[in-house]
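Okay, everyone, thanks for squeezing in. Let me put the model up on the screen and then talk you through one of its chains.

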Amino acid sequence: MAIFNLKKREIECKVVYYGPGRCGKTTNLEYIFSSYKKQVKGEMVSINTEGDRTLFFDFLPIGLGQIKGCDVRVQLYTVPGQVKYSSTRKLVLRGVDGIVFVADSLEVRREKNMLSLKDLQANLKEYGKSIFKVPLVMQYNKRDLAEQGIPLMSIEQMEKDLNRQLKVPSFQGSAVSGEGVGATLKECLKLTLQSLQREFKWAQ
Amino acid sequence: MRDNAVLAGSLKFLALGDIMQLLGANSSSGVLRLISRYAPEPGFIYFENGNPVNASCGTAIGLEAVYALFGWTDGEFEFTKENIVSQRVITKSRMGIILEGLKMVDDGQVKRVGPGAPSRKSATATDSDAIPIVKGPLVDYMYVADEEDFFDGEYIVEEGKHGSWIWVILEGVVEIVRETPEGPLPIVRLGDGSFIGSLSSFLIQGHIRTATAIAVGNVQLGVLDSQRLAQEFASLTPEFRGFLVSLDKRLKQLNERAIELRQKQLDTSDFLDNKKPVMKQGNVEEELYVIREGSASVVRQEDFGRIPLAQLYAGDFFGHTPFLDFGHEPESASVMATKELKVRKVDVAQFQKEYNQLSTTFKNFIDNVATCVSVSTKVVCNYYKKFGLGK
């Protein structure tokens, strides 16, 4: 549920980066923060959570237009995966408008990816959302590691593992170098805004 | 509620993180006041243009106080629109505070203040000897028949004496004490809005007091119209009355446990031996049961051991009570029983209906008993940790 801020004539929506620990969610956001400086509003909040960091900042998508004459402001979050951070997860996932699922291409992380996706589905369900309906984009991260001879899963296999039923747009990425990061975010914002437009049309 | 409050509600419904985001989006300036039955003093957060600039919670101020308030999961809040003259002590960004605060709660760095929250990674700073204060909701003066003043140290009721009066504390603190062979043992302290007297005084004429109540500092009490309350009690269905009596018994038993632990005489075998959990701590449970035959025990699982809380017998209730939170099963305790236990399901919806129809004072009274159960449980757990079983 996006929030209308009538005072500022803004629509505030939430995009969350989800995925198993150390898959590169944080690296994605850090890359966006440093490469799209002009569109970033305010500072980046970084909280050290066990095993991972939780990040947050405001982002102004450019070139995606306005909705009903209101500017759109996107809050970008990563969410800590550990079970114990339930309060944080609850705050971040409640009212989420779009999700980027970052999967780890390392062969050894295959099961972690699937568990995390299942976990996402369960969490969304708790807040009354369906993983099939929420705007969702996949990123198969760490593709660059193949050059170093580290065994990666093939894209076909990852599609089969994670995206067989969902059939959402997916991108190859390497968050460290920034490859695919912009494309992933752009697609997710597009889906999110389209879904918001649909909601508002329905409300008219 | 003060008349200039512009936003008020329950923290259970809208958590502090959400309130702060709301005030932030609205660029509001004013004071957010939080009250909890489990904290002796209210907490304050001062906002300027939607950003927190200062706060206080007990002795803590500034950022430390805001973080402490994130642990308040149960309570009420109200926001009053005011121009803030307070100095800007907090400079951290709003979202930074929210995410950090929630993380600290999840990490156990901030103490959870609420019913029965098991002490996770138990905060080391808390003094296990400190007797917690139980506060009640705002007093409904409709039921206050008379007012009475007591001076510091004066006895309000004495254990073992007869009496069926019920008071509500208008102002001040009252200590509840049980007599033990080694002298009086303080059980709990009651603050504004709490009740003195027990539900079982409705049952028997010439009820015998089960504990002593002593004024700590000067205290002003409201004498309640106990006849009216007794009539209300009598008009309830037998089953609901049974439920209330069962709740009252639990409270008495918790006080017994505290005494037993203090004297190192607690015998856990009655609670644990040959028993299997019928309801596991933390599991989701929707039903409420009444025991027909056999017995069961309520046990809290903590890092430092399994703490027996109460024994339940025929006619006692256990399970999920949607309208009351007394910090036991199913969220914060297990129920153990032998194979002989026979139970019957209770129509919870009917109970809920009956509860909703109660007068405010009666509801407050029951809520207060539930809060006392939850706080006494904490006392028992603290004693268990401190004194162990001693056997």
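I'll go over chain B as a whole, then two of its sheets and the helices that sit on them.

One thing up front: this is a predicted model. So, chain B. It runs to 391 residues, and 43% of them count as buried. On the secondary structure side, we've got eight helices and 20 strands in there. And if you take the contacts in chain B with a separation of 6 or more, 80% of them come from residues 24 or more positions apart.

Okay, the six-stranded sheet. It's an open one, ordered E1-E6-E2-E3-E4-E5 in chain B, and the pairing is antiparallel. At its edges you find strand E1, residues 5–10, and E5 of chain B, each of them pairing on one side only. Looking inside the sheet, E2(B) and E3(B) run antiparallel and are joined by five bridges. If you want a spot to click on, B:Leu34 sits opposite B:Gly43 in E3(B).

Now, what lies across E2, E3, E4 and E5 of chain B? That's H2(B), and it runs at about 80 degrees to E4(B). This helix covers residues 62–69 of chain B, and its buried residues are B:Ala65, B:Val66, B:Tyr67, B:Ala68 and B:Leu69. What do the buried residues of H2(B) pack against? Quite a list: strands E2 (30–35), E3 (43–48), E4 (51–57) and E5 (60–61), plus helices H1 (16–25) and H3 (94–107), again in chain B. A general reminder while you're turning the helix around: an α-helix has 3.6 residues a turn, so residues three or four places apart point the same way.

Next, the four-stranded sheet. This one is open too, with the order E14-E19-E16-E17 in chain B and antiparallel pairing. Why do E14 and E17 of chain B each have one side without a neighbour in the sheet? Because strand E14 (276–279) and strand E17 (305–312) of chain B stand at the edges, with a single partner strand each. From one strand to the next, the twist averages 40 degrees.

Zoom in on strand E16 of chain B, residues 296–302: seven bridges tie it to E17(B), and the two run antiparallel. There, B:Ala296 is opposite B:Leu312 in E17(B). This sheet has a helix packed on it as well: H8 of chain B, residues 360–387, which touches E16 and E17 of chain B. The direction of H8 makes about 135 degrees with that of E17(B).

That's my tour, so over to you for questions.

Terms used: Residues numbered from 1 in each chain as written. Chains lettered and ligands numbered in written order. Predicted model: local features only at pLDDT ≥ 70, side-chain atom pairs only at ≥ 80, totals over all residues. Buried ≥ 20, exposed ≤ 12 C-beta atoms within 10 Å, placed from the backbone. Contact = placed C-beta atoms within 7 Å. Pairing = 2+ DSSP bridges. Axes fitted to C-alpha atoms, helices over the stretch in contact; angles between N-to-C directions.
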